[in-house]
Protein chains: 2
Amino acid sequence: MKKVTTIHDISARAGVSITTVSRFLNGNYSNMSEKTRKRLEHIVQELDYHPNSLARGLKSQSSGIIGCVIADMGNPFSALLLKGIQTVCRSNGYKLMTLDADNDSLLEKEAYKILLDTPVEGIICNTTGNAAQEIESVSEKTPLVLADRVFPSKKEFDCVVSDNENATYDCLRYLRNQGYERIAFFSPPVDAISTRRERMEAFCKGAADFFNADNGSNVYVVDPNSMEETAQMLLDFISRSPSSPAVLFSVNGEMTLQLIRAAKHNGVAFSRELGICGFDDWPWMEVTEQGITSISTDTVTMGVKCAELLFERIKNKNSAPTCRIVMQNHRTERTTTKRF
Amino acid sequence: MKKVTTIHDISARAGVSITTVSRFLNGNYSNMSEKTRKRLEHIVQELDYHPNSLARGLKSQSSGIIGCVIADMGNPFSALLLKGIQTVCRSNGYKLMTLDADNDSLLEKEAYKILLDTPVEGIICNTTGNAAQEIESVSEKTPLVLADRVFPSKKEFDCVVSDNENATYDCLRYLRNQGYERIAFFSPPVDAISTRRERMEAFCKGAADFFNADNGSNVYVVDPNSMEETAQMLLDFISRSPSSPAVLFSVNGEMTLQLIRAAKHNGVAFSRELGICGFDDWPWMEVTEQGITSISTDTVTMGVKCAELLFERIKNKNSAPTCRIVMQNHRTERTTTKRF
DNA sequence: TTGTACGCGTTATCAG
DNA sequence: CTGATAACGCGTACAA
């Protein structure tokens, strides 16, 4: 491409020093003749000059870039989270560098390295859960906020999460009151993903309290790529006591979809005798016949809060106590529209 | 936060010159004593030193950053496109800076300015359609690839698009053969969005050829935020000739969802007499009762191709003729599962 | 009102 | 094998 035009080119063209140009670029018109200003205005336009942020950042020791590590970029959740983050970055004059960990903790770790190298002025991470040490280390060097997912650590982190435990527990009470007598939890491998773990644990508690289920017996962990396996477990659960109303509790939207898919392919119909309920309220859930009761929080807002918290840290350089923002989950109650 | 450690800190600590440190960092071990190397290895570890990419970029005149402007970050399409782009960026050792235009051409224009300032080494844009001049100008300074959407211009651009026209036209033939006698096109405002325009025009052609519809009479442009309006138009179409089998053709996934929602809220049932079909094949479409026939292309792959094309340009600095990659759309044929 | 000169952290060209 | 030193593009004391 064309050679990059610099502040020197402008100064040469205008017959003034680079200092004057720099002043002009930074809107420092206080000590500048009207003539010079007009002149520079014109030339900058003409040459379509763009000051180099890299150089600027090097000088000012601030890149104006926020980094964001996303566990799985393909998930609709990620797009919404990023939208929220983006909005706040824009209004603060910051740019956003996003890295996808692709559900791989190795890639996640690499991502932190890349962001530190850049260097970014702050990091928002939606972790895979298996990069605790790196995150701890990174947070020593750069303001950092955890988004949606946390992990056990001696250190405390700024974070924005949702109240998975209460929402799950309350939902189980609700489901019991709806008349369901049996319940099962479905999830992809829980791994170190805090949201899944919290939901699972609250489920076990709620199942024990409201459904007299012995711990763990109704927890199904399935390979998200194998519909056969999901179907098998689904059928297993159903067959156990076919006469009492049962409900499936899904750990997230993808799992919910998988369950519906498995049911459909095996001729299992949702009805008053078999309900489905789970985390995430995706737009399509409103229109399906299954009547998915969903638990969710506003993801865009979560992104906004993450970014706001981060900028709080960046701007105030404060060492205020770590801040844990807990967003409420909202339950959308639905029942099957199927006619009998 | 802590003061940033620089190459100087390392050199001081190691008692060698910064040159040696730089050599070490760049894996230039050819002329270096084993001892020095070990020593530096240790110190870099100990101080957890990260070379500053800004400074590096300033020197090498390359930021290692790719820019990406996305029309609407909240759309699931965007997440998938970005995932594809990300993957290729990573394997090429580049970082990705993503900006959301939020469906606003003003924000889109700002985004280009920001990316040029950064400066990025290349740009992928999924345009709102109303930033033609800016994109033309940007493409003079930086390699640029259009993703999914194009716009009329004297200049030709590298781009990756899908064959909206053929897919639409062929689909209309298919629908006619399925026995539908009437068809209507539903879309949010077409504006300058090429995908919508192409689909609409092909629809009109197909409607004329296969459905004897006079041009435009069956094109409904609706406010995506008003379900009432959508419902009104839906009912209008249905009522016109209730006895002949009709099918709705939706310009994209969001519109499809909106149509289903409107139908549901108004007691309109999809059946053999009323079908629905449209662009985008989102996972949930497989499990709905409506039997949505969908037209789609692999979005992640589209992202991959965009990025590959861009890197081709960046690496070869070639002025080869502009390249237009057209991805095939695939039709997934479904019919309602509703029982009568 | 404007200009000179230095430094930000790095790489690369020389010279030792 | 190693080290000064000059860039890269910009901002800013300090000087004029």
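**View 1. Chain A splits into three assigned domains.** In this predicted model, the domain assignment gives domain 1 as residues 7-51. Domain 2 comes in two pieces, 61-162 and 299-329, and domain 3 does too, with 164-296 plus 331-337. Zoom out a little and you'll find the C-alpha centres of domain 1 of chain A and domain 3 of chain A sitting 64 Å apart.

**View 2. The C-alpha trace of chain A spans about 90 × 45 × 30 Å along its principal axes.** The radius of gyration tells a similar story: chain A has 26 Å, whereas a compact globule of 340 residues would be near 20 Å. As for secondary structure, count 12 helices and 12 strands in chain A.

**View 3. Inside chain A, 47% of the 340 residues are buried.** Now for the contacts. Take those between residues at least 6 apart in sequence: 68% of them join residues at least 24 apart.

**View 4. Asp72(A) lies in a loop of chain A.** That loop runs between strand β1 (65-70) and helix α5 (76-91). Is Asp72(A) buried or exposed? Neither, quite: it has 17 other C-beta atoms within 10 Å, so Asp72(A) counts as partly exposed, since buried would take 20 or more and exposed 12 or fewer.

**View 5. Who touches Asp72(A)?** Leave out residues up to four places away in sequence, and the contacts of Asp72(A) are Ser78(A), Asp102(A) and Asn103(A). Take Asn103(A): this residue is 31 residues from Asp72(A) along the chain, yet their C-alpha atoms are separated by 5.5 Å.

Key
Residues are numbered from 1 along each chain as its sequence is written. Chains are lettered from A and ligands numbered from 1 in the order in which they are written. This is a predicted model: local features need pLDDT of at least 70, side-chain atom pairs count only at pLDDT 80 or more; totals for chains, interfaces and linings use all residues. Domain bounds come from an automatic or database domain assignment. Helices (H or I, at least four residues) and strands (E, at least two) are DSSP runs, numbered from the N terminus. The radius of gyration is taken over C-alpha atoms; the globule rule is 2.2 Å times the number of residues to the power 0.38. Two residues are in contact if their C-beta atoms, placed from the backbone, lie within 7 Å.
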